[in-house]
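Biologist: Could you take a close look with me at the salt bridges of this model? I am still learning the vocabulary and would be glad of a slow walk through them.

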Amino acid sequence: MNVREVWFWQNENFFLYHLREETPSQFQQTFGYERIDRSEILPSLDINLLAECLTNSNPLAAAKDFRQRLRSQFSKIQFNLIMRALLILYLNLTINTYYFDF
């Protein structure tokens, strides 16, 4: 696949994997990807907060809550970078799979 980081959304949880090009033999079962708890591309992003907001049945309320909570955690520049990255994530959406390729 050669995508640096892959996010799977299953059962209302994210499962993140990062490509380990330098040691792919250690991760043969996952085709060179290591399971990670925090995004290495967006290390400041609280993945649990994102998952919590995605499970909200009201999409507008979820988006507002997510933005508000991010704004309280980050500077304006950091907030804008995270929001741009999430937009890329959204635009690259495939069936139950989220990925970044920077």
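Modeller: Happily! Let us begin with Glu52 and Arg69, whose side chains meet in a salt bridge at 3.1 Å, N to O (a side-chain nitrogen of Lys or Arg within 4 Å of a carboxyl oxygen of Asp or Glu). Glu52 belongs to helix α1 and Arg69 to helix α2 (residues 59–73), so this pair ties together parts that are 17 residues apart in sequence. Helices (H or I, at least four residues) and strands (E, at least two) are DSSP runs, numbered from the N terminus.

A word on the ground rules: this is a predicted model, where local features need pLDDT of at least 70 and side-chain atom pairs count only at pLDDT 80 or more, while totals for chains, interfaces and linings use all residues. Residues are numbered from 1 along each chain as its sequence is written, and side-chain values use heavy atoms, with hydrogens and water left out.

Back to our pair. Glu52 is partly exposed, with a relative accessible area of 44%, and Arg69 is partly exposed too, at 29%. (Buried means under 20% relative accessible area, exposed over 50%, and partly exposed in between, with a 1.4 Å probe and protein chains only.) Elsewhere, Arg20, Glu34 and Glu40 are joined into one network by salt bridges that share partners. The total for the model is four salt bridges. As background, side chains of opposite charge can pair when their charged atoms come close.

Now follow that network. Glu34 and Arg20 form a salt bridge through their side chains, at 2.6 Å from N to O. Glu34 sits in strand β3 and Arg20 in the loop between β2 and β3, so the pair ties together parts that are 14 residues apart in sequence. Arg20 also has Glu40 as a salt-bridge partner, the closest N and O atoms being 2.3 Å apart. Since Glu40 lies in the loop between β3 and α1 (47–54) and Arg20 in the loop between β2 and β3, this pair links parts that are 20 residues apart in sequence.

How buried or exposed are these three residues? Arg20 is buried, with a relative accessible area of 12%. Glu34, at 26%, is partly exposed, and Glu40 is partly exposed at 38%.

Arg20 deserves a longer look. Its loop runs between β2 (13–19) and β3 (33–36). Its side chain makes a polar contact with the side chain of Glu34 at 2.6 Å, and another polar contact, of 2.3 Å, joins it to the side chain of Glu40. A polar contact is a pair of N or O atoms within 3.5 Å; within protein, one must be able to donate a hydrogen and the other to accept it, and residues adjacent in sequence count only if both atoms are side-chain atoms. Leaving aside neighbours within four places in sequence, Arg20 is in contact (heavy atoms within 4.5 Å) with Phe27, Gly32, Glu34, Ile36 and Glu40.

What about the strands on either side of the Arg20 loop? β2 and β3 pair in the antiparallel sense over four bridges; two strands pair if DSSP finds at least two bridges between them. Leu19 has Tyr33 in β3 as its bridge partner. β2 is largely enclosed by the rest of the structure, because five of its seven residues are buried. β2 also runs antiparallel to β1, with six bridges joining the two. β1 and β2 form a hairpin with two residues between them, and Asn11 in the turn has a positive phi of about 50 degrees.

Finally, compare another charged residue, Glu5, in strand β1 (residues 5–10). Glu5 is buried, with a relative accessible area of 0%. Its side chain is joined to that of Ser39 by a polar contact of 2.5 Å, and the side chain of Glu5 also reaches the backbone nitrogen of Ile41 at 3.3 Å. Glu5 and Tyr17 are twelve residues apart along the chain, yet their C-alpha atoms are separated by 5.7 Å.
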